[in-house]
Structure formats: C-alpha cells, structure tokens
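Dear colleague,

I am passing on the structure we spoke about, so that you can have it open while you read. My notes on what was found in it come after it.

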Amino acid sequence: MIMTSYTKQDVLLQATDVSLSYDRKCILYDIHFTVRDIVRPGLQQGQVVSLVGRSGIGKTQLFRLLSGLQRPDSGEITIRERVPSARPDGSIQVYRERIVQPGDMGVIFQNYYQFGWRTVQQSLMLAARQNKALTGKEEDAIRQYTQQFDIADVLSRYPAQLSGGQQQRVSIIQQLLKGSDFLLLDEPFSGLDVCVLDKVVELLLQVSLSDELKTLIIVSHDIATAAAISDTVFILGKKPGHEGSTLVREIDLIERGLAWRKDVRQEKAFGDTIQEIKGCL
Amino acid sequence: MASRFNKVIMFKPFEKLNRQTFLILVVAQSAFALLAWQVSGQGLIPHPSAVLAALGHLLTTRLFVDNLLTSLLLTGQALLYSVVITLVLAYGAVIPFFAPLAQFIVKCRYLTLTGLIFIFTLLTRDGSQLKLSLLLFGIVPFLVTSFLAVILRTPAQEFELCQTLGYNRWQSLYEVIIIGKADQVFEVVRQNFAIAWMMITMVEGLNMSEGGIGALLIKYNKYNDLPHVLALQAVIFGIGLCLDYLLGTLRHWLFPYTKL
C-alpha cells in the first residue's frame with residue numbers, strides 16, 4: 001500500500017440532516033456528509049467525491065439538492081464561499097459559509113445540455129461573462145480552455161453539430177469558466193465508449209488538479225470508474241425498515257492508499273473495495 | 001428496378017421518400033386532379049382551361065396588380081403590428097401580473113368578427129383603420145395562443161442551465177424566451193399567416209373603397225364570373241404558398257441552427 005502525505009482541513013461542503021419527500025413519499029432522509037479541503041504538500045490537490053447507488057435510489061434528487069436547483073424539505077446544504085470581507089476586529093475573513101444557491105455549483109447534466117441556439121463560442125462567452133475574475137480576459141480564457149480540452153476547432157459549431165464527447169467537454173469548460181469551485185457531474189460516464197471514457201477520466205483528474213479548492217462531486221452508478229478517480233466514496237442505499245434512501249457508508253480511499261493513482265484498477269485492494277461497495281448497495 | 005422499388009415503398013406506412021420522388025408524386029397527382037376536373041367539369045363550374053385563360057387576362061391588367069399590391073401591403077402591415085402586439089403580450093405573460101390579459105386574448109379566438117364590425121366601425125376613423133383593426137383582432141389571438149404554447153413547452157433544463165450559470169430571472173427570460181425562442185416567432189407567424197391571408201379577402205369586402213384582392217373577388221362574384229373568381233383564388237393560393245416558403249427560408253437563414 002502506498003501512503004501519501006496529506007491533511008484534511010477546512011469544511012468545503014456540508015450536508016446536515018437533509019431529507020426530501022414527494023407526495024408524502026420519503027425519497028431521502030437523514031443525509032449527512034462533509035467534504036473537506038485535502039491538502040497535499042507541493043500539489044494543488046482538489047477533491048473528487050463520488051456518490052454511488054443503484055438506479056432509482058435517489059441519486060438524481062440528491063444531485064438536484066446539492067446543485068441548489070431544489071430545496072430539501074428539511075436540513076441544509078452549506079458551502080464555503082471565497083468572499084473577502086472585513087470582520088469587526090479589523091481582520092479580513094476570506095471565506096464564509098452559506099446555504100447553497102442555484103449557480104453556486106457548476107452543474108454538468110447527464111445529457112450535457114447546452115442552449116441549442118448558441119454556438120460553442122457564444123455559450124462559453126455567456127459563462128465567462130458571469131465570472132468577474134475574467135472581466136476583459138474572457139476570449140483568452142476560452143482560447144486557453146478549448147485548446148487544453150482539444151475542442152478549439154468546434155467553437156463556431158452549434159450543440160447539434162457536436163459529438164457526445166465534445167458536448168461533455170463544452171459543458172465542463174462552460175462551468176469552469178463560470179468560476180465555481182464546485183463541479184457537480186450527473187452520470188458523466190454513462191453511454192461513453194472505452195476510449196472516450198478514458199479521456200473523460202483524464203479530463204476530470206486534470207480539472208481536480210487545476211485548483212486547491214476545486215471539488216468534483218460525481219453522481220454515478222458506474223462504481224469502478226467513479227471510485228478509480230475519487231478520494232472519497234459515499235454510498236446511497238436503503239436501510240431496513242425505512243422507506244427512503246440515505247447514505248449508508250462513507251469510504252475514504254486515501255486512507256486505503258487507493259486515491260490519486262493511475263493504475264489503481266490493477267490493485268487487489270481496489271477490487272476488494274469495489275466488492276465492498278457493491279455489498280452495501 | 002429502382003422505379004419498381006419506389007413504387008413499392010410509396011405504399012408502405014412511415015416510409016420516407018427522397019425529395020425527387022416526392023416532387024414527381026406531387027406533380028403527377030396535381031396533373032391527374034386537373035385532368036379529372038377538365039374531363040368532369042360541366043355546367044356552371046368552369047374548366048381549368050377557362051380558369052387559366054381568366055388568370056392570363058388578370059395578370060395583364062393593371063387593376064389586378066394594383067389590387068394585389070394593396071392586399072399585400074395591408075397584410076404585411078397587419079402581420080407586423082400583430083407580431084409586435086403578440087410578443088409584448090406573450091413575453092408579458094411570464095410575469096404573473098400580465099398573465100390574465102394574455103389568457104383573455106387567447107380566449108378571444110372564440111369571438112366572431114361579424115358581431116363586432118359595427119363596434120370597430122365606431123372606434124376607427126376610416127376604412128383603412130377599420131380593416132387593419134379587424135385584421136389585428138382576428139390574427140393576434142391565434143398568434144398569442146401559438147406563441148404561448150411555445151413558451152409553455154420550454155424544457156425545464158433551459159431554465160436550469162440559466163440557474164447554474166448564475167442568471168437572475170430577467171436574464172433567464174432574455175436568454176431562454178426572447179433569444180432562445182426567436183426562431184419560433186417566425187414559425188408561429190408562418191403557421192398563422194394563412195389566417196391573415198384568409199381574412200384579408202373578408203375585411204376588404206367590408207370596405208371596398210380602397211380596393212384589394214378581396215374587393216376584386218366580390219366584384220367578380222357579383223357578376224357570377226366564376227373563371228375569374230377561381231383564377232383569383234388560384235392567385236391567393238399561390239401567393240400564400242410563396243409567402244409560406246419565404247418565411248420558412250427566412251427563418252433558416254436568420255437562425256441557421258433550425259436546419260440542424
């Protein structure tokens with residue numbers, strides 16, 4: 001087992017006692033989890049968290065709650081926001097905690113939805129203009145990202161003219177340009193062929209290393225692929241005697257020496273962990 | 001061999017024909033219909049050859065061209081005003097305060113113009129205004145109905161994408177409804193243009209002093225000149241098809257993504 005030096009520091013995201021019902025039918029209950037800033041010496045190490053569970057267990061509902069697009073019936077989801085503000089004692093507080101709102105998280109929907117009437121360039125510009133840090137440098141940022149993600153040649157195309165992989169990359173760049181620290185991805189591996197899947201995995205790892213506070217939350221039922229790039233796996237499942245779903249297990253892959261490793265799928269310990277996760281579903 | 005193949009697929013449900021085959025089918029069926037009309041037409045109903053002769057005569061007269069231009073101008077004016085009114089009402093309908101007004105306009109489809117002509121006559125200054133206001137009253141409810149349906153069909157994901165980009169509600173309205181549905185305005189106008197074109201002959205009949213194709217139609221009807229009546233109908237039909245094609249082409253040109 002390879003142990004890597006790291007520390008878990010400030011809370012970046014916290015779900016506290018979250019529950020959700022539809023027509024008096026409980027969908028989610030008692031959801032508690034915390035995502036902390038992982039610090040690795042000499043690296044800009046972001047966080048990659050997977051939320052796995054069987055189909056129909058409520059993953060998409062939890063995804064919507066995390067994105068702020070839907071409010072929980074009870075409980076709250078808070079995030080740490082970078083807002084420099086003066087404290088009464090004269091010191092500067094750089095971060096503040098607040099309840100997640102729509103727009104706080106970069107959201108990549110399962111079908112990589114984009115405005116059909118906007119070209120890639122226009123869509124990316126819309127997102128870049130929302131990011132105050134990019135004011136006046138929007139064009140440069142778009143050029144840089146599209147070259148990095150290998151889609152610089154499709155800027156004048158409409159979404160209907162793009163392949164699934166290209167659409168996904170446009171969605172990711174769009175949300176990155178918006179400048180959110182959090183990136184929520186709904187089933188990013190579904191329907192991809194093996195070659196494209198490898199590229200997407202590489203891309204997500206690249207994103208996670210782009211900023212210390214960059215936090216990817218992957219909602220997926222592809223346990224092996226999600227776990228292979230994550231540092232933590234949360235398992236959404238059912239408990240006997242309860243109607244809805246809740247988080248039944250949290251697996252810290254860093255502690256097990258299974259995080260941040262390209263060849264992790266070859267490890268016996270990784271295979272055992274996947275079996276363990278499957279056992280919890 | 002290919003011809004036999006085409007013959008077979010022509011009668012298969014949900015089969016798609018290529019453009020050339022479809023055009024041949026349209027031409028052949030039209031020719032057959034004209035032939036059947038020519039052979040079976042008798043008595044008061046004129047033969048296609050008589051209608052064609054009347055059409056030839058019409059096209060050479062200055063009177064026809066002037067009347068046609070009058071009708072086209074009035075229709076264009078009515079459509080332009082109708083679109084502006086419709087957009088104001090439909091965009092306003094997403095704001096709850098204005099929604100009842102838009103819903104009332106939608107229900108106005110069930111009002112007939114016949115009983116309201118006198119009211120409109122009292123409310124307007126001259127024949128030109130009367131015709132225009134009647135056309136607006138006839139067109140706007142249908143345009144608003146169609147455009148509101150477009151707005152209601154907007155996928156939730158379009159608004160959610162706006163939310164994830166941090167847009168406020170006004171920005172979402174601008175992006176999703178005003179910009180995102182701009183191509184649909186053309187489609188709605190194209191689909192409802194037929195109503196305007198159909199109504200023009202009716203309102204021109206109410207006030208004949210300024211002429212127009214409707215006034216001309218009534219004149220020929222009065223003298224029971226059926227070849228000219230049918231020739232005018234053919235012109236109305238042909239211009240309707242041309243304008244329909246023009247609006248469709250304009251939509252594709254202005255909004256290239258609609259072709260994808």
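Below I go through the domains, one helix, the contact between the chains and a single lysine.

Please keep in mind throughout that this is a predicted model.

To begin with the domains, the assignment for chain A gives domain 1 (7–104 + 180–280) and domain 2 (112–179), and the C-alpha centres of domain 1 and domain 2 of chain A lie 24 Å apart. Where the two touch, domain 1 of chain A contributes 9 residues and domain 2 of chain A contributes 10 residues. On the domain 1 side of this contact, helix 5 of chain A gives the most, with 5 residues, and the residues of that side of domain 1 divide into 6 nonpolar, 2 polar and 1 charged.

Helix 5 of chain A, which covers residues 194–208, may repay a careful look; its 15 residues reach 21 Å from the first C-alpha to the last, close to the 21 Å expected at 1.5 Å a residue. Which residues of this helix are buried? They are A:Val200, A:Leu204, A:Val207 and A:Ser208, and because they cover an arc of only 95° around the axis, they fall on the same side of helix 5 of chain A. As a general point, an α-helix has 3.6 residues a turn, so residues three or four places apart point the same way. On the other side of helix 5 of chain A, the exposed residues are A:Val194, A:Cys195, A:Asp198, A:Glu202 and A:Gln206. The buried residues of the helix, for their part, pack against strand 3 (47–53), helix 4 (164–178), strand 7 (182–186) and strand 8 (215–220) of chain A.

Turning to the two chains, the contact between them takes 18 residues from chain A and 13 residues from chain B. On the chain A side, the elements that give two or more residues are strand 6 (105–108) and helix 2 (120–129), while the residues of that side divide into 11 nonpolar, 6 polar and 1 charged.

Finally, a word on A:Lys25, which is found in strand 2 (residues 25–39) of chain A. Is this lysine buried or exposed? A:Lys25 counts as exposed, because it has 9 C-beta neighbours inside 10 Å, and the cut-off for an exposed residue is 12 or fewer. A:Lys25 and A:Gln122 are 97 residues apart in sequence, and from C-alpha to C-alpha they are 42 Å apart in space.

With best wishes

Conventions: Residues numbered from 1 in each chain as written. Chains lettered and ligands numbered in written order. Predicted model: local features only at pLDDT ≥ 70, side-chain atom pairs only at ≥ 80, totals over all residues. Helix = DSSP H or I, 4+ residues; strand = E, 2+ residues; numbered from the N terminus. Expected span 1.5 Å × (residues − 1). Buried ≥ 20, exposed ≤ 12 C-beta atoms within 10 Å, placed from the backbone. Arc of directions from axis to C-beta. Contact = placed C-beta atoms within 7 Å. Nonpolar A, V, L, I, M, F, W, Y, C, P; charged D, E, K, R; others polar. Domains from an automatic or database assignment.
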